[in-house]
Amino acid sequence: MGRNLRSTNLLSNLPQLQNLIKRDPRSYEEEFNQQLHHFEASLAIFELKPDEEAKEFGEIINFLSQVAR
């Protein structure tokens, strides 16, 4: 499986990515950074529209809280 396909699959499956990052953090730095950038963009949107449902935002907060050091 190519690196780009793996990254695409992992980005849509946060629990799997979380597990992989916990096992081998250095191998998944790029995917973590992509999720961090996604969080930053989602935070900016949430700040503009705090009354809208933010399920995906909550999921990425949970993910980051589990893997951040």
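Let's start with the outward side of helix 2: the face turned away from its buried side carries two exposed residues, Pro15 and Arg23. Please keep in mind that what we are looking at is a predicted model.

Now turn helix 2 around. Which residues of helix 2 are buried? They are Leu14, Leu17, Gln18 and Ile21. If you look down the axis of helix 2, these buried residues fall within an arc of 105°, so they line one face of the helix. That gives us a helix with Leu14, Leu17, Gln18 and Ile21 on its buried side, and Pro15 and Arg23 on the face turned away from it.

Let me step back to the whole chain for a moment. The protein chain has 4 helices and 0 strands, so to speak an α-α-α-α pattern when you read along the sequence. There are 69 residues in the chain, and buried residues make up 23% of them. The chain exposes about 5,200 Å², with carbon and sulfur atoms supplying 51% of that area. And here is one about contacts: taking those with a separation of 6 or more, 49% come from residues 24 or more positions apart.

Next, helix 4, which runs over residues 55-67 and has 13 residues. From its first C-alpha to its last, helix 4 reaches 19 Å, close to the 18 Å expected at 1.5 Å a residue. Its buried residues are Phe57, Ile60, Phe63, Leu64 and Val67. They cover an arc of only 125° around the axis, which puts them on the same side of helix 4. On the other side of helix 4 you will find Lys55 and Ser65, and both of these are exposed.

What covers the buried residues of helix 4? The cover includes helix 2, residues 14-23, and helix 3, residues 29-48. For a close-up, click on Ile60. Leaving out residues up to four places away in sequence, Ile60 touches Leu14, Gln35, His38 and Phe39.

Not every residue of helix 4 is buried or exposed, though. Ile61 also sits in helix 4, and at 36% relative accessibility Ile61 counts as partly exposed. Ile61 is 18 residues from Leu43 in sequence, and the two are 9.7 Å apart in space, C-alpha to C-alpha. Just before helix 4 comes Ala54, in the loop between helix 3 and helix 4. Ala54 is partly exposed too, at 28% relative accessibility. Measuring from Leu43 again, Ala54 is 11 residues away in sequence and 9.8 Å away in space, C-alpha to C-alpha.Now for the core. How many residues make up the largest nonpolar core? There are 10 in all: Leu14, Leu17, Ile21, Tyr28, Phe39, Phe57, Ile60, Phe63, Leu64 and Val67. Helix 2 and helix 4 each supply at least two residues of this core. Helix 4 gives the most, with 5 residues.

Let's finish with the aromatic rings. A pair of aromatic rings is described by the distance of the centres and the angle of the planes. The structure holds 2 aromatic pairs. In one of them, the rings of Phe39 and Phe57 have their centres 5.7 Å apart and their planes at 10°, so the pair is stacked. This pair links distant parts of the chain, with Phe39 in helix 3 and Phe57 in helix 4, 18 residues apart.

Phe57 turns up again in a pair with Phe46, also stacked, at 5.1 Å centre to centre with 25° between the planes. Here too, distant parts of the chain are linked: Phe46 belongs to helix 3 and Phe57 to helix 4, and they are 11 residues apart.

Are Phe57 and Phe46 buried or partly exposed? Phe57 is buried, with a relative accessible area of 11%, whereas Phe46 is partly exposed, with a relative accessible area of 30%. Put Phe39, Phe46 and Phe57 together and you have one aromatic cluster.

How values were computed. Residues are numbered from 1 along each chain as its sequence is written. This is a predicted model: local features need pLDDT of at least 70, side-chain atom pairs count only at pLDDT 80 or more; totals for chains, interfaces and linings use all residues. Side-chain values use heavy atoms; hydrogens and water are left out. The expected span of a helix is 1.5 Å times one less than its number of residues. Buried means under 20% relative accessible area, exposed over 50%, partly exposed in between (1.4 Å probe, protein chains only). The arc is that of the directions from the helix axis to the C-beta atoms. Contact means heavy atoms within 4.5 Å. A nonpolar core is a set of buried Ala, Val, Leu, Ile, Met, Phe, Trp, Tyr and Cys residues joined through side-chain atoms within 4.5 Å. Rings of Phe, Tyr and Trp (its six-membered ring) pair if their centres lie within 6.5 Å; planes under 30 degrees apart count as stacked, over 60 as edge-to-face and the rest as tilted. Accessible areas come from the Shrake-Rupley method with a 1.4 Å probe; for residues, only the protein chains shown count as cover.
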